[in-house]
Amino acid sequence: MLKGFKEFIMRGNLVELAVAFIIATAFALVVTTFTNVVMSLISLVTGDGFNFNDWEPNGVPIGAFITATISFLIIAAVVYFFVVTPYNKLQERRARGEEPTPPSEEVTLLTEIRDELRAQRSSGGTGV
């Protein structure tokens, strides 16, 4: 019974989903903070400590709606420009075959030899 639970928890999709959730939570905090900064700047531009939430022209509480709309637009812009656009560019590169290819075995071996020679020179060793 515990073995089955362990297999369920360690399944790739579940772990990836957990990581995505944690990253999304952290990203949401960054976006919320950024939104608060932008809203504060708008408040400074529109008046001394003006708060959209408290704005009720003729008794109609339209300020909360304006605040929610501006927050939504800021969040949508951040997600589009920092998540969607880079992802789409990566997908286009992959479709064109411009994805960076890993170095060949020969290049990898030569790189290891070079790094080993540098390490020997810096340590003062005579090597092989």
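**Helices α3 and α4**

Helix α3 bends by about 40° at Y80 in this predicted model. The helix covers residues 63–96. Its 34 residues reach 48 Å from the first C-alpha to the last, which is close to the 50 Å expected at 1.5 Å a residue.

The residue at the bend also takes part in ring packing. By the rule applied here, one aromatic pair is counted. The pair consists of Y80 and F81, whose ring centres are 5.1 Å apart; the planes stand at 80°, so the arrangement is classed as edge-to-face, the threshold for that class being over 60 degrees. Y80 is partly exposed, with a relative accessible area of 44%, whereas F81 is exposed at 53%.

The buried residues of α3 are G63, T67, S71, I74 and V78. For S71, the relative accessible area is 17%, and because buried means under 20%, S71 is assigned to that class. Leaving aside residues up to four places away in sequence, S71 touches T35 and M39.

Helix α4 comprises residues 105–123, 19 in number. At 1.5 Å a residue the helix should span 27 Å, and its end C-alpha atoms are 27 Å apart, so the expected and computed values agree.

Each of the two helices is followed by a glycine with positive phi. G97, just after α3, takes a phi of about 80°; G124, just after α4, likewise has a positive phi of about 80°.

Terms used: Residues numbered from 1 in each chain as written. Predicted model: local features only at pLDDT ≥ 70, side-chain atom pairs only at ≥ 80, totals over all residues. Heavy atoms only, no water. Helix = DSSP H or I, 4+ residues; strand = E, 2+ residues; numbered from the N terminus. Buried < 20%, exposed > 50% of the residue type's maximum accessible area, 1.4 Å probe, protein only. Contact = heavy atoms within 4.5 Å. Phe/Tyr/Trp six-rings, centres within 6.5 Å; stacked < 30°, edge-to-face > 60°. Expected span 1.5 Å × (residues − 1). Bend = angle between axes of the 7 residues up to and from the residue.
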